[in-house]
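Colleague: Please take me through one part of this model slowly, starting from a single aromatic residue and working outwards to whatever surrounds it. I would rather have one connected account than a list.

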Amino acid sequence: MQPTVSAAEASQRVQQLVEEAFAQLPPGASLVFNDGSDVGPCEGAMQGRVFAEKRYRIVVEPGSDWPADRAIPTLVAFWEKAGYQLHDDRRQERWPRYVVRTPDDFSVNIAGWDRGDHFDYTLTSSSPCVWENGTPNPG
């Protein structure tokens, strides 16, 4: 059982990945915390470890002509250039989603929610399972 980053470090990295992605998008929108906790329990073979996850809504200013149709393509191009590995590509579905993994095994994604007359988007990032304090608990 190898040491990992701590839960606090994982939470900081998750936040960094969301902010990094949002910074690539055009002005005219803001990030609003939607849900997720700093730390949650892992299950199965990873029991005893935790993961960090945060989800934000991308909120467009009223009356803005923010280019919602460019949100996913912009992040796909950025993540490809950054060398992130594709994990799930559902861009062609009614509720599009694009998920990548970073070299340090964190994930980050953008998801769209079809509201009929517009799309709402979320940015989410999560960590791999880590030890709470970065090292296995003595047992």
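**Around the aromatic pairs and the pocket**

Modeller: F119 counts as partly exposed, because its relative accessibility is 31%, which is above the 20% under which a residue is called buried and does not pass the 50% over which it is called exposed. Please keep in mind throughout that this is a predicted model.

To place F119 among its aromatic partners, it helps to begin with the search of the whole structure, which finds 3 aromatic pairs. In one of them, the ring centres of W79 and Y98 are 6.3 Å apart and the ring planes meet at 10°, so this pair is stacked. W79 belongs to helix α2 (residues 71-82) while Y98 belongs to strand β6, so the pair ties together parts that lie 19 residues apart in sequence. Both of these residues, W79 and Y98, are buried. The rings of F119 and Y121 also form a stacked pair, because their centres are 6.0 Å apart and their planes are at 25°. Y121, in turn, counts as buried, because its relative accessible area is 7%.

Y98 deserves a longer look. Its relative accessible area is 4%, so Y98 is buried. Leaving aside residues up to four places away in sequence, Y98 touches W79 and a set of others, among them I72, V76, E80, L86, V108, N109 and I110. By contrast, V5, which is 93 residues from Y98 in sequence, has its C-alpha 26 Å from that of Y98.

Turning back towards F119, one of the residues that touch it is P96, which sits in the loop between β5 (85-89) and β6 (97-101). P96 is buried, because its relative accessible area is 7%. Apart from F119, the contacts of P96 include I72, R90, R91, I110, A111 and G112, again not counting residues up to four places away in sequence. The C-alpha atoms of P96 and G112 are separated by 5.1 Å, although these residues are 16 apart along the chain.

Strand β8 (residues 119-126) also holds T122. T122 counts as buried, because its relative accessibility is 6%. With residues up to four places away in sequence left out, T122 touches R55, Y56 and R57, as well as N109, I110, A111 and W113.

Some of these names return at the largest pocket, whose volume is about 200 Å³. Of the 15 residues that line this pocket, R55, R97, V99, N109 and T124 lie nearest its centre; R55 and N109 are also among the contacts of T122. At least two lining residues come from each of β4 (53-60), β5, β6, β7 (107-114) and β8. Sorted by class, the lining contains 7 polar, 5 charged and 3 nonpolar residues.

Finally, there are two details in and around the loop between β6 and β7, which is where D105 is found. D105 has a positive phi of about 70°, although it is not a glycine, and it counts as partly exposed, because its relative accessibility is 40%. As for F106, the charged end of R13 sits over its ring, at 5.8 Å from the ring centre.

Notes. Residues numbered from 1 in each chain as written. Predicted model: local features only at pLDDT ≥ 70, side-chain atom pairs only at ≥ 80, totals over all residues. Heavy atoms only, no water. Helix = DSSP H or I, 4+ residues; strand = E, 2+ residues; numbered from the N terminus. Buried < 20%, exposed > 50% of the residue type's maximum accessible area, 1.4 Å probe, protein only. Contact = heavy atoms within 4.5 Å. 1 Å grid on protein atoms, 1.4 Å probe; cavity = no way out; pocket = protein on both sides within 12 Å on 5 of 7 lines; lining within 4 Å. Points joined across faces, edges and corners; volume = space filled by probe spheres on them. Nonpolar A, V, L, I, M, F, W, Y, C, P; charged D, E, K, R; others polar. Phe/Tyr/Trp six-rings, centres within 6.5 Å; stacked < 30°, edge-to-face > 60°. Lys NZ or Arg CZ within 6 Å of the ring centre and 35° of its normal.
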